Amino acid sequence: MIYGNINNEFFEQQTAILPKPLQSALRFLKETDLANHEPGKFDISLNGVPAILQVLDITTSPRETLRPEIHRKNIDVQFLAAGGPEEAGFYSDNGSYQTDEDLLDTPRDILFYHNDPDTAEGRIAMNVGTYAIYFPWDVHIPAIQSGSTAAPIRKIVVKVPMDACL
């Protein structure tokens, strides 16, 4: 997992060490007004690499109401374009977690795990401009409310094919 902010003074240096498709995804997030983009799911090209753009208007929720998720074919580049704050949970997939719903062999490429209160989970504070890159081994829980109040957010997800980064 990698995270940062598109407005960080080291953005170009941070981006330069990533595989080209991830560099393109982050530059797309920085250069595109996604706060005002129409919501929905869109096929895009990142310098010739087919990717999926999801523009989601959602509300953050208490952590216990959200399911941990992973993807196997795609790298998720998640970005907070507006609203918030939001928190994102994460931990490493060690292969021992109990599956709640497996949709990996569908176009959604997603598997949900049951919540396990004994799992050590990290958190990222997501403010406008913050991105998080989740690889297939990164379990993640997006859209967690920060504090006791839910907040509307404009969440952007760019799905980059894993095989394009190898």
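Here is a short chat about the pocket and the nonpolar cores of this predicted model.

Trainee: What volume does the largest pocket have?
Mentor: Good place to start! Among the residues closest to the centre of the largest pocket are Leu-56, Glu-69 and Arg-108, out of 25 that line it. The volume of this pocket is about 440 Å³.

Trainee: Which element gives the largest share of the lining of the largest pocket?
Mentor: Several strands give two or more residues to this lining: β3 (49-59), β5 (74-83), β8 (110-113), β11 (138-145) and β12 (152-161). The largest share is 5 residues, and it comes from β3.

Trainee: How many residues of that lining are nonpolar, by class?
Mentor: Let's sort the lining of the largest pocket by class. It has 7 polar and 7 charged residues. The nonpolar ones number 11.

Trainee: Which element supplies the largest share of the largest nonpolar core?
Mentor: This core has 26 residues, and Leu-22, Leu-29, Val-77, Ile-133, Ile-156 and Val-158 touch the most other members. The elements that each supply at least two residues include β2 (40-46), β10 (130-134) and α2 (20-31). With 5 residues, the largest share comes from α2.

Trainee: Which residues from Ala-51 to Leu-53 does Val-158 touch?
Mentor: Happy to look, leaving out residues up to four places away in sequence. Elsewhere in the chain, Val-158 touches residues including Ala-25, Phe-28, Leu-29, Ile-75 and Val-77. In the stretch you ask about, Val-158 touches Ala-51, Ile-52 and Leu-53.

Trainee: How many residues are in the other core, which lies apart from the largest one?
Mentor: Among the members of that other core are Leu-66, Tyr-97, Leu-104 and Ile-141. Its residues number 10.

Terms used
Residues are numbered from 1 along each chain as its sequence is written. This is a predicted model: local features need pLDDT of at least 70, side-chain atom pairs count only at pLDDT 80 or more; totals for chains, interfaces and linings use all residues. Side-chain values use heavy atoms; hydrogens and water are left out. On a 1 Å grid over the protein atoms alone, a cavity is a set of points where a 1.4 Å probe fits but cannot get out, and a pocket is an open set with protein on both sides within 12 Å along at least five of seven lines; lining residues have an atom within 4 Å of a point. Grid points are joined across faces, edges and corners, and a volume is the space filled by probe spheres set on the points. Helices (H or I, at least four residues) and strands (E, at least two) are DSSP runs, numbered from the N terminus. Ala, Val, Leu, Ile, Met, Phe, Trp, Tyr, Cys and Pro count as nonpolar, Asp, Glu, Lys and Arg as charged, and the others, Gly among them, as polar. A nonpolar core is a set of buried Ala, Val, Leu, Ile, Met, Phe, Trp, Tyr and Cys residues joined through side-chain atoms within 4.5 Å. Buried means under 20% relative accessible area, exposed over 50%, partly exposed in between (1.4 Å probe, protein chains only). Contact means heavy atoms within 4.5 Å.
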